[in-house]
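User: I am new to this structure and would like to go through it in questions and answers. Please show it first.

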Amino acid sequence: MELRRDSKSREQFLLVLFPAAILLAVYSVFVAIPGQQRLRAEQAKLQLTQAQAVTPADAENSLGQLENAQQSLQRMKSSVSSNREQVRALSQAWRRTDNRLATFQLITEKLRYHDLSVVFQGYMTEVDISEYHQKLIELINRQEPEIAVEFWQIELKGSFLNVTEFLESIDGDPLGIIPVAIAMKSSSDPREPKSWTIVFLI
Amino acid sequence: MSSRPQFSVFLVTAGEVVRADYAPRATTAMGFIRRTLEPGRDLIATLELVANEPAPLGRKVLVLATQLPSHLLRFPVATVHSMHNDELREAMKYEIETLVGIEIENLLLAYRSAAPQNDEEARFWVTAIRQTEYQDLIRRFHALGVKQLYLAHPAGVFSFAENAGVRKELWGGTVFEFDGISQRIRGISRANPDTGATDEDVFWLWGDGRAAHGSSQPAVELSDAGALQVALAGTLRELTYPDKFRAPLIQPERKRSAVNLRPVLAAALALLAATTCYLHWNWMQSQTAYLAVKSQEIARPAVDKRRFDSEQLKLLDQEKQLEADSLSSGLELQRIQFFLENQRDRIPKLLRMLIELRSEEMVLQHILSEKGGLNVGGVSLNGEAAQALATKLRPLVAPLGWKVAGVRQEGLQKMTSGGPWNFQIALTDVGPFDKPVAPTEQAVTTLEQSGN
């Protein structure tokens, strides 16, 4: 009788515990163990992160350096931009495109005044100028390609002194012309005037 | 009015009824009543004979009555093991129904396990009462202020610690035989009507005024009021744990819940487990989230620093390029400034220098415009005049953007000195610099991009 009661009680007790035990077992296998693994992984990640961490002051220091570099870069850009603007302004400042006819008339008058006989004068696309000036003119033309500078070439005959005085008499600034090349050839006959080729930027 | 005792004990035999009232832990009764009975009285009438005395009854009442039928039932051990307690009780009712003459549906019984005789048979000591009679008793005793009522046969309820052998008790013509060690009943039998005993070795044989048969005297003489009070007090102490009472004890049935508690308990435990699981899951989630957030917080400065450093490296690359652009644009600016400020009148200045600085022995024959600049050439009667002219020109033409690159001279061998000499002086265009510097396409392109 005692044995039967004990066994029955134990079975009843186990039956009462059974649903909770099943629930705990399922939860352990499918939720708790994977969850604990995730938790341990996060803990390991945290430890690794702590080992590799830098202080906020280091980050702020880097940020400060970055801002300094940005400011420096901005200053450089401003400088380059300023240079470019100045190049552009200078490239255009000397030019006079409004009244070229008056310029040519003035040159003709000065040639005549200095007893120089004009053989030819006119616009040229191909002229003999140094490479330095070619590149300089390319630089000027890049500032405003639609109004590229032009070459005005004058071939004349005259003495060395007259040509010198003629060129000295030309104040390029108001006229908007700049002499960039000159060539001279002497005739075999000393009495003949020298042949000159002068190239102006206009 | 006297105070209410804690316990009251009724001992009912065929010839008399005894009532004893006790305070807690008392060994002598605070009230003791004994009445002789007339034959034929039923139990209720017998009890009322002493219960209705002016002295109040105790809150707990134990009735020990020889009128209660008491039998030994036998069942196969295997059958008993396969039955639940309720089923066993029902089986006992079927067995005892014919023995006590009470219809089964009106039968109330109590049982105790008897001392086993063999491994195949389970024996139970069963005491029964008619349920209606029991209910009537309860109703009547409740009316007298009794809270709990217990009924048992008086056999086996008195303790005899000094006895280690078989004990036989004679009650109302029935002999109850007990194991002296386990105190469990061994047998119930009718007494020999001649001797009042069934065996030669009876140690304890009391009741009904019958003489003991054997070598020992009865332990308690029912006629001795003092001894009876002490014995009944000892019985009350046994009542402290009713389930362990020596004899089958008829007592109020415990109220059973209408609801089967096991499923409820199982559900409650399952709910508790589920709640625990949820709390644990919630804790794990919050911990995981907390650790993740903390990792991010700790890693943030490092991430920011890496990003800042990376951006700074990119900026350094841009800075190098911009430095080159700046240098290039600066050079271009210098060139164009120099060109506009110092080179507009340089050709007439050069011509004027040639006029003024050449010696009388020199004749300028040509000025050529070449890739590098100008080439001034002529004939000189003096072999050193061209070099002297170049030397004089060198510092004077430098501000005008020329560099005197060198003098070439060739003697025509028409004079004894080797002259006259053809000479050429190369003037290289260098602008404001010592050597020619060409503006680069890349510099211009970068300049335009940075401007955008």
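The turns below cover chain A, its contact with chain B, and a sheet in chain B.

User: What kind of model is this, and how are residues and chains labelled?

Analyst: This is a predicted model, in which local features need pLDDT of at least 70 and side-chain atom pairs count only at pLDDT 80 or more, while totals for chains, interfaces and linings use all residues. Residues are numbered from 1 along each chain as its sequence is written, and chains are lettered from A and ligands numbered from 1 in the order in which they are written.

User: In what pattern do helices and strands follow along chain A?

Analyst: Helices (H or I, at least four residues) and strands (E, at least two) are DSSP runs numbered from the N terminus. Chain A has six helices and four strands. Along the sequence, the pattern is α-α-α-β-α-β-α-α-β-β.

User: What percentage of the 202 residues in chain A is buried?

Analyst: A residue is buried if 20 or more other C-beta atoms lie within 10 Å of its own, exposed if 12 or fewer, and partly exposed in between, with C-beta atoms placed from the backbone. For the 202 residues of chain A, the buried share is 24%.

User: Which residues of β2(A) point to the buried face?

Analyst: Side chains alternate along strand β2 (residues 151-158) of chain A. A:F151, A:Q153, A:E155 and A:K157 point to one face and are not buried. The residues on the other face, which are buried, are A:W152, A:I154, A:L156 and A:G158.

User: Which residue of β4(A) stands opposite A:I154?

Analyst: Two strands pair if DSSP finds at least two bridges between them. β2(A) is joined by seven bridges to strand β1 (residues 117-124) of chain A, running antiparallel, and A:G122 has A:Q153 as its bridge partner. Eight bridges join β2(A) to strand β4 (residues 194-201) of chain A, also antiparallel. There, the residue opposite A:I154 is A:I198.

User: Which helix supplies the largest share of the side of chain A that touches chain B?

Analyst: Two residues are in contact if their C-beta atoms, placed from the backbone, lie within 7 Å. By that rule, 76 residues of chain A are in contact with 74 residues of chain B. Elements that each supply at least two residues of this side of chain A include α2 (56-93) and β3 (178-185). The largest share, 24 residues, comes from α1(A).

User: Which residue is the bridge partner of A:M184 in β12(B)?

Analyst: β3(A) pairs with strand β12 (residues 362-369) of chain B in the antiparallel sense, over two bridges. In β12(B), the partner of A:M184 is B:I367.

User: How do α2(A) and α6(B) lie relative to each other?

Analyst: Axes are lines fitted to C-alpha atoms, for helices over the stretch in contact, and angles run from 0 to 180 degrees between N-to-C directions. The axes of α2(A) and helix α6 (residues 261-342) of chain B come within 8 Å and cross at roughly 20°. Angles under 35 degrees count as roughly parallel, over 145 as roughly antiparallel, 65 to 115 as roughly perpendicular and the rest as oblique. The crossing angle therefore makes α2(A) and α6(B) roughly parallel.

User: Which are the edge strands of the sheet with the order β5-β7-β6 in chain B?

Analyst: This is an open sheet of three strands with antiparallel pairing. Its twist averages 35° from one strand to the next. An edge strand pairs on one side only, and those strands are β5 (70-76) and β6 (107-113) of chain B.
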